[in-house]
Amino acid sequence: MDDIRARVAYLNGLAEGLQIDASSPEGRVLSSVIDVLGDLAEQMTGLAEAHDEMADYVEDLDYDLGALEEAHYDNRDEVIRFVPATDLDDVDDDDVEVVCECGETDAFDGHHTHAD
């Protein structure tokens, strides 16, 4: 962005060096165009800075999310697998059995009520 600002400053210097009459129609147009280019260069610089800040922020969020995912998913000692009661021989139809990868099995009544 500094390159654009430098180029606009160069154009401004050229216009001043040509001693263009700023009160003439052509001088007013040229002066206005250079002013607009300067404003655009400043705004683009601000946008580039904001973009860089946002990119850093997103990178930090991505790192934090990755750490959370690793802590939540990768550090689990046991994975729970639900087995439908119809696949089990010794469980009532209304019961649910949970089988852990470690081999332990836990069965409970499949009806759950909430105390309001």
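**Notes on a two-helix, three-strand chain**

1. Of the 116 residues in this chain, 14% count as buried (under 20% relative accessible area; exposed is over 50% and partly exposed lies in between, with a 1.4 Å probe and protein chains only). Keep in mind that this is a predicted model, where local features need pLDDT of at least 70, side-chain atom pairs count only at pLDDT 80 or more, and totals for chains, interfaces and linings use all residues. Residues are numbered from 1 along each chain as its sequence is written, and side-chain values use heavy atoms, without hydrogens or water.

2. The order along the sequence is α-α-β-β-β, with helices (H or I, at least four residues) and strands (E, at least two) taken as DSSP runs numbered from the N terminus.

3. Now the surface: about 9900 Å² is exposed, and carbon and sulfur atoms supply 52% of that (Shrake-Rupley method, 1.4 Å probe; for residues, only the protein chains shown count as cover).

4. There's a nonpolar surface patch made of Tyr-10, Leu-11, Leu-14, Val-29, Val-33, Val-36, Leu-37 and Leu-40, together offering about 700 Å² of accessible area. Patch members have over 30% relative accessible area and no salt bridge; nonpolar side chains (Val, Leu, Ile, Met, Phe, Trp, Tyr) are joined within 5 Å, like charges within 9 Å. A salt bridge puts a side-chain nitrogen of Lys or Arg within 4 Å of a carboxyl oxygen of Asp or Glu.

5. Helices α1 (2-17) and α2 each supply at least two residues of the nonpolar patch, and α2 gives the most, with 5. Val-33 sits in α2 and, with a relative accessible area of 42%, is partly exposed.
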